[in-house]
Amino acid sequence: MSDVRPSPSVIDLPADRTLDGYDRWAASYDHGNPLVALGERVLDARPLACAGLDVVELGCGTGRNAPRVLAEGARAYVGVDGSPGMLARAAGDDPRVRWRRGDLLAPGPLPVDAASADLVLVVLVLEHLPTLAPLAEEAARILRPGGRLRIVDIHADLVRAGTRAHFRDGADELRFTSAAHDAAAITAALAAVGLRVTRADDVVADAAAIAAVAKLARHAGRAVLLDVEAIRA
Ligand SMILES: C[S@@+](CC[C@H](N)C(=O)[O-])C[C@H]1O[C@@H](n2cnc3c(N)ncnc32)[C@H](O)[C@@H]1O
């Protein structure tokens with residue numbers, strides 16, 4: 001018997017089906033994605049520096065980043081996501097952790113108090129947002145004065161070159177609709193709500209990254225992630 005899987009049917013998810021797509025991806029999301037693995041390396045190399053802080057993650061998915069935040073000594077972590085399926089995978093009964101369902105593109109504020117966080121974290125979410133204004137406004141609302149925003153996301157050049165979040169679900173290959181947001185656009189969207197970008201670093205698929213994450217070889221030499229930090233005045 002052959003173990004070769006038949007060619008999948010490619011399904012392009014329209015933008016308004018993104019959260020449905022994540023509901024379908026949830027069961028297998030945490031396995032083997034090279035950009036997720038590279039994002040881990042970025043946060044290992046430059047930690048969140050959140051000891052004693054209140055942290056909110058927007059687009060927290062399965063809560064993959066919560067253990068990191070707690071290991072760094074955060075006082076509390078609130079994970080917000082629009083996909084019930086992803087949130088259902090977020091586990092644990094740590095009293096410092098809370099999960100909230102909220103759609104960044106729906107009208108009105110997310111279910112997180114204003115001025116309740118010292119750090120807002122966003123990892124691999126921007127490509128799903130056709131416009132950055134709602135995310136920027138919510139980050140500014142949720143952050144206390146002096147609070148920081150950290151974004152680690154797919155690089156706009158990679159999105160423009162055709163890479164987008166995708167996954168195999170049985171016989172189907174589902175591909176999300178993706179938007180490219182470069183550092184200048186992110187800086188402008190954040191500046192409009194009083195968040196000043198202090199650093200915007202390209203993360204390149206260099207030899208060390210490829211040695212650690214072999215699947216990055218197809219992007220060798222290219223910027224694959226963007227690592228941004230901003231502060232609320
Ligand atoms: C690639 S996953 C990243 C999850 C997590 N940050 C991580 O690093 O593993 C993108 C997440 O963004 C969420 N998302 C996408 N669009 C969203 C929206 N409009 N509102 C809230 N969450 C959204 C998805 O449900 C998904 O969990």
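These notebook entries follow what I looked up about aromatic rings and strands in a predicted model.

**Entry 1: ring pairs.** I searched the whole structure for aromatic pairs, and the search gave eight of them. I began with Tyr22 and Tyr29, whose ring centres lie 6.5 Å apart with the planes at 65°, and because an angle over 60 degrees counts as edge-to-face, I noted the pair as such. I then checked whether these two residues are buried or exposed, and found that both Tyr22 and Tyr29 are buried.

**Entry 2: a second partner for Tyr22.** I also found Tyr22 paired with Phe176, this time in a stacked arrangement, with 4.5 Å from centre to centre and 25° between the planes. I looked up where the two residues sit: Tyr22 belongs to helix H1 (residues 18-25), while Phe176 is in the loop between strand S8 (172-175) and helix H7 (183-191), so this pair ties together parts that are 154 residues apart in sequence. Phe176 is buried, as is Tyr22. Following the ring pairs further, I arrived at a cluster that links Tyr22, Trp25, Tyr29, Phe167 and Phe176.

**Entry 3: the strands around S8.** Which strands pair with S8, I asked myself? Strand S1 (residues 9-12) runs parallel to S8 and is joined to it by four bridges, with Val10 standing opposite Glu173 of S8. Strand S7 (residues 166-169) pairs with S8 in the antiparallel sense, also over four bridges, and here I noted that His166 has Arg175 in S8 as its bridge partner. The hairpin of S7 and S8 has two residues between the strands, and in this hairpin Gly170 takes a positive phi near 60°.

How values were computed. Residues are numbered from 1 along each chain as its sequence is written. This is a predicted model: local features need pLDDT of at least 70, side-chain atom pairs count only at pLDDT 80 or more; totals for chains, interfaces and linings use all residues. Side-chain values use heavy atoms; hydrogens and water are left out. Rings of Phe, Tyr and Trp (its six-membered ring) pair if their centres lie within 6.5 Å; planes under 30 degrees apart count as stacked, over 60 as edge-to-face and the rest as tilted. Buried means under 20% relative accessible area, exposed over 50%, partly exposed in between (1.4 Å probe, protein chains only). Two strands pair if DSSP finds at least two bridges between them.
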